[in-house]
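New to this one? Let's take a walk through it together, starting from the inside and then turning to the charged pairs.

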Amino acid sequence: MKSRSNRRLAAILAADVAGYSRLTAADEEGTVAALRAIRSEVVEPLTERHGGRIANTAGDSFLIEFRSAVDALRAALSIQDRLLARNAGVEADRAILLRIGLNVGDVISNGDDILGDGVNVAARLEALAEPGGITASHAAVSYARRSIAADYIPMGPQKVKNIPEPVKAYRVRKAGGKQGLTARATGPRVRLAIAFGAFVAAAAVGAFLWTGPRPRLPDLAPNPEQAVQARMAFPLPDLPSVAVLPIADSTGDSGNAMLADGFSEDLITDLSRISGLFVISGNSSFAYQGQEITAAQFAEELGVRYVVDGSLRRTGEAFRANIRLTDTASGQLVWAERFDGALEDIFSVQNRIALAIAQALELPLDAEERTGIEKLDTATIAAREAFQQGWELYAQFNEQDNLAAIPYFEHAVGLDPGYGRAWAFLAMAHLRPHILHHWQGYTAETGQTHIGHFYKYLREASRHDTPLNHVVRAMVLLNLPDWEGAYGGSRGTNEARQAAAKAISLQPSDPEAHLTMGWALIAAGEPEQGLAFVRAAMRLDPKHPSHYALFEAAALFAMEDLPQASAVLQAELKRNPQAKELMPVAASILALSGDLRAARAMVERWHSGNSTAALPAAVQDYFFILRWTGASQHLNRRLTDGLRLAALPPGTTVAGLRAELSLADASTQRQAAKALGLFGAAAAPAVPELTALLDSPSAFVRKEAANALGSIGAAAAAALPALEARADGSLAGKIAARAIGQIRTELAEQ
C-alpha cells in the first residue's frame, strides 16, 4: 500500500554533462568547480523558478521533477539558454554543455529520489539529445506544445535500452532556431514540427509553394483563387493546416450522398491521425455542406492553408472519386488523382488518399500513424452508411438528435459487430445525457437505465483500440467517480489525463481529446494549462458545440477572472440560446460577480417551466459537469453557492436577512443564516448576529450560523473566540472547527 500511495504522474527532466570524462581528464578541479557553479547559479534557481524539485544528482547528472510538462520544458529551455550565454567566449573543448531528456510518466518516491518507468524513459531520451539540446517524449510534447512556442522536430520511434516499446521522440529547440527540418527541393517546404497550439502566422508563403508537376483532371481544374491571410478568421497554425470540404455527390441520389458524406468524414479522421498536420474537425467542415463556397473562402473562414475537395459517383457496384489538394496560399494544385474501382474497395481507397496527401506534403508518418490510417473501421458499406446517419445526428450536439442517433449506431453494429468506432459512439450517445444533463427525452425508466446501456456498449467498444475509447474512459474518470463499472470505483484526474493523452497521441487533431485533456487539467487545479487545451480544441473545431465554452468559462472561473468567464458564456448563449447546460454556470458566475438581478433571470430562463417559489429547491442539488479535486475542491462549493445565491427570491439582501436573524423563529433564523452564507464576504455586517446564534438551542441554527461565518472568511475574525468555544465532536462543533480553518486561512493570505 505504501508504494501505491507514492506512485504519481510527473514530468521528469534528466540531464547530464556532455563529454564529462574528457573535461575532467583535461582539468578535473576546474570542471568540478564549474559544474558546482552551474548547479548553484543556473540549475537550482531555474528549477525553483519553474516549480521543480531536484530529486537526485550524481556528479555530472541531474534528475528534476516538475508538476507539469510545461514547467519542465520552460525550465529546460531556460537552462540551455543560460548555459549558451555562459559559454560565450569559452573555448569549444572546455565549454560545459548539458544533454536534457524530458518525459511525462509514472514515478515512485524513494525518499527524496524518484524511480520508475517515467524516469527510465527520460534518462534514455537524454542520451539521444545533442550537446546543448533537448529531446522529449511524445507524452511531454503533447502536454507542452499547446502552451510553449518552440520547434518540435519529430525523430520518429526510438528503440532505447531496457524499454520494450519504441519511444516516439522529438528534438525541441527555441522557436525560430537555425536547425530544423528541411524538405526536398522538389516538394513543399513545410515546417513540420512547430507547436500547433501557438497558432501564430506561418512562415513566408514562398517557402511552401509546390514546384513539382501539377496534374489536371477533366472535371476538377485547379482553383486559381488565392486565400488572403489578412482575411482569415484565425491565424494560421504553425503546422501545415488542412480542411476537407465535404466531398460532393455527383449523382443527386440520396444513397450516394450518404456514401460521399462517409467518405469525407473518414478522410478527415484519417488525416487527423497525422501528428505533423493540423486538421479541422468534421463538425466544422460539414457546417459548409451544400454551400456554394470556393476553396479560398473555405480556407479563409477556417484559417487553414490547404483544402481537400472533390466528388464521388457511385454506379451500381463501382465508384469513381476525383480528389484534389489545393494550396490556397498560391491557388495552385498540390496533388490530384482520380480513383476508379469496385465499391467493395472504397474504404481502402480512402486510406490511400490520406497517405497520398501526407506524401504530397512530405509529412513523415511513424508506424502507429500509418497503421491507424490503413486499418479499416468496417468493410460493410451498409454499416458505414448507418453509422454516418447516426454521426450526422450526433454531431448536432443537442438532446433530440442525440437520441435519434442511437438507433443508427445500433444498426451499424448489428450489421458489423466488429465496428469499434460505432460501438464507441453508441456508448458515448448514452453517456452524453448524463454529462450534459439532457434528460427531457428520457422516460423515468430509461433515465434510470441509460448508464447501464453505456457500460454495456463501452465493454464492446473496449475490444477495439479507437481514440474515442480513451476519450470516453477519461470522461468516466472525471464524471462518474461513484459508479461501479468497467473501470471500478476509485478514479481521478491523473488517470483521466493519461487516457486523454493516449487519445491525443492516436489522433492529434481530435478536438474532443483536447477538450477532455483540458477538463482533466482544470479539475486537477491547473486551469491555465487546461484553458490552453480547451482553446486548442476550439481552434480544431471553429464551429464547436456550446459545451466547449462551458469548459473555457470554468477555467477562467478557477483563475478568478469572473468577468471574462461570464462574457464567454453570454456570447455562447447568444450564439446558441438553447444551450441549457451553460445556464447554471452562467447564473452562478453572475451572482458571484454581484449581478443578482441578471443571475436570477438566468435561473428563471433555465427553469422556465418552474414556479418562482420552486426555484431555490430546483437548484439545491444541482450536479455540475466539472468538479474540482485536491486543493481546488473549494471551487465546487463556491460554484454551488453562487447558483443557490442566484435562485434566492428577488430583492433578497444582506440587510433583510440580517433582520430575520433577530426573529424568534428557529426555522426563519436557520434559512436566513444559510442564505447569508451564500453572500460570502459581502455578509460581513451580519457577523454579530450570526455569532450570537452560535448559542442557539437549535443545533440546526448553530450549524448554519457556523457555516455562514466560515463562508464570510477573514471578515468574520471577530467570531473566532465564539467558534473556538463551540468546536467539539458534535456536527455543529465540527462545522465550527471548519469555519475556524476557513477564517484563519483567509487571514493568513492577507
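What follows is a short tour of the nonpolar cores and the salt bridges. Keep in mind along the way that this is a predicted model.

Let's begin with the greasy interior. In soluble globular proteins, nonpolar side chains tend to be buried together. Here, the largest nonpolar core has 206 residues. Within that core, the members that touch the most others are Leu-102, Leu-325, Trp-335, Leu-690 and Leu-723. As for helices, helix 14, covering residues 420-436, gives the most to this core, putting in eleven residues.

To get a feel for how one of these hubs is surrounded, zoom in on Leu-325. Leaving aside residues up to four places away in sequence, Leu-325 touches Val-242, Tyr-306, Val-307, Val-308, Leu-333, Val-334, Trp-335, Ile-357, Ala-360 and Leu-361. Trp-335, one of those neighbours, is also on the list of core members that touch the most others. There is a second core too, separate from the big one, with 18 residues, including Leu-236, Ala-243, Leu-245 and Ile-280.

Now for the charges. How many salt bridges does a search of the whole structure find? It turns up 31, and a few of them are worth a visit.

Take Glu-41 and Arg-86, whose side chains meet in a salt bridge at 2.8 Å, N to O. Glu-41 sits in helix 3 (residues 28-49) and Arg-86 in helix 4 (residues 69-86), so to speak two distant parts of the chain, 45 residues apart, linked by this pair. Glu-41 has 43% relative accessibility, so it counts as partly exposed. Arg-86 counts as partly exposed as well, because its relative accessibility is 35%.

Next, is the pair of Arg-384 and Glu-265 buried or exposed? Arg-384 counts as buried because its relative accessibility is 3%, and Glu-265 is buried with a relative accessible area of 4%. Their side chains meet in a salt bridge at 3.0 Å, N to O. This pair links helix 12 (residues 381-394), home of Arg-384, with helix 7 (residues 254-271), home of Glu-265, and the two residues are 119 apart in the chain.

One last stop is Glu-368, which forms a salt bridge with Lys-502, their closest N and O atoms being 3.7 Å apart. Glu-368 belongs to helix 11 (residues 367-374) and Lys-502 to helix 17 (residues 493-506), 134 residues apart. Glu-368 is partly exposed at 36%, and Lys-502 is partly exposed at 31%. These two don't act as an isolated pair: Lys-168, Asp-366, Glu-368 and Lys-502 are linked in a network of salt bridges.

Technical notes: Residues are numbered from 1 along each chain as its sequence is written. This is a predicted model: local features need pLDDT of at least 70, side-chain atom pairs count only at pLDDT 80 or more; totals for chains, interfaces and linings use all residues. Side-chain values use heavy atoms; hydrogens and water are left out. A nonpolar core is a set of buried Ala, Val, Leu, Ile, Met, Phe, Trp, Tyr and Cys residues joined through side-chain atoms within 4.5 Å. Buried means under 20% relative accessible area, exposed over 50%, partly exposed in between (1.4 Å probe, protein chains only). Helices (H or I, at least four residues) and strands (E, at least two) are DSSP runs, numbered from the N terminus. Contact means heavy atoms within 4.5 Å. A salt bridge is a side-chain nitrogen of Lys or Arg within 4 Å of a carboxyl oxygen of Asp or Glu.
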